[in-house]
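Colleague: I am new to reading protein structures. Could you give me a close, unhurried look at one part of this one, the pairs of charged side chains and what lies around them?

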Amino acid sequence: MYLIRKWNEYLGPKDERLAAEEDKGTKMAATILLIGSVISLYYGIMVNQVAATTDHPVLTPLGETVIPVQLPLILTILAAGIASCAPQMRQGAFSSRKRFAEVDRIPWDLVTLCALACGAVVGVLTCALRIVAEIQIVGIGNVAWMGDVATGIVFFVIGFAVGLGAFALAFNEAIKNRRRLEAELES
């Protein structure tokens, strides 16, 4: 709770107009995510059912000729993420928080904090889930602990770099759109 309170203090109060725009984007993203996830998971169920009833295991060379469930899910999550940010960015804002709603340049402190959070989540999840998967498959005695930690570190760096680029690009697009809208209003 302390971290959430500090984070809200850091970002400042919300702008009601921008919060309404953010809500529209969130609703659109949630719809895309729900429909895409259901379709992707249903496809996965159908692949497994067909594989089981025809005695053709999916995790063989046959599995390379069908679309893996991960690809549609990744595309769905990407589409939902873009859909949630796009309405605000089109309006020339990045956040509903007044401090970062209409900045004139990229706030590198916030971008760096968000990129660190992205990297940390990706790195910890990668390391932890690899360890869990190895325990299930090869047993706890054969887990490559240092290899999993090293993989988590590599994915932390990748997550940080991608997050840094994505947040900087999103702020940059919002700034360009706001300037374009202001120029249209002045002419």
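Modeller: Happy to! A salt bridge here is a side-chain nitrogen of Lys or Arg within 4 Å of a carboxyl oxygen of Asp or Glu. This is a predicted model, with pLDDT of at least 70 needed for local features and 80 or more for side-chain atom pairs, while totals for chains, interfaces and linings use all residues. Numbering starts from 1 along each chain, and side-chain values use heavy atoms, without hydrogens or water.

Let's begin with arginine 130 and glutamate 134, whose side chains form a salt bridge at 3.7 Å, N to O. Both partners sit in helix H5, 4 residues apart, or about one turn of that helix (helices are DSSP runs of H or I, at least four residues, numbered from the N terminus). How exposed is each partner? Arginine 130 is partly exposed, at 38% relative accessibility, whereas glutamate 134 is buried, at 16% (buried is under 20% relative accessible area, exposed over 50%, partly exposed in between, with a 1.4 Å probe and protein chains only).

Arginine 130 also meets aspartate 148, in a salt bridge of 3.2 Å, N to O. Here the partners come from two helices, aspartate 148 from H6 and arginine 130 from H5, so this pair ties together parts that are 18 residues apart in sequence. Take a moment to find aspartate 148 in the view: H6 spans residues 145-186 and holds it. With a relative accessible area of 1%, aspartate 148 is buried. Leaving aside residues up to four places away in sequence, aspartate 148 touches Cys127, Arg130, Ile131, Glu134 and Val143 (touching means heavy atoms within 4.5 Å). Both arginine 130 and glutamate 134, the pair we began with, appear in that list.

Now follow H6 to arginine 178. Its side chain forms a salt bridge with that of aspartate 104, at 2.7 Å, N to O. Arginine 178 belongs to helix H6 and aspartate 104 to the loop between helix H4 (98-101) and helix H5 (108-138), so the bridge ties together parts that are 74 residues apart in sequence. The two ends of this bridge contrast nicely: arginine 178 is buried at 6% relative accessibility, while aspartate 104 is exposed at 53%. In the whole structure, the search finds 6 salt bridges.

What lies around this second bridge? Isoleucine 175 touches aspartate 104 itself, along with Val103, Arg105 and Ile106, not counting residues up to four places away in sequence. Isoleucine 175 is also one of the 8 residues of the largest nonpolar core, together with Val103, Ile106, Leu110, Val111, Cys114, Ala168 and Phe171 (a nonpolar core is a set of buried Ala, Val, Leu, Ile, Met, Phe, Trp, Tyr and Cys residues joined through side-chain atoms within 4.5 Å). H5 and H6 each supply at least two residues of this core.

Phenylalanine 171, another core member, is found in helix H6. At 1% relative accessibility, phenylalanine 171 is buried. Its C-alpha atom is separated by 9.9 Å from that of tryptophan 108, although these two residues are 63 residues apart along the chain.
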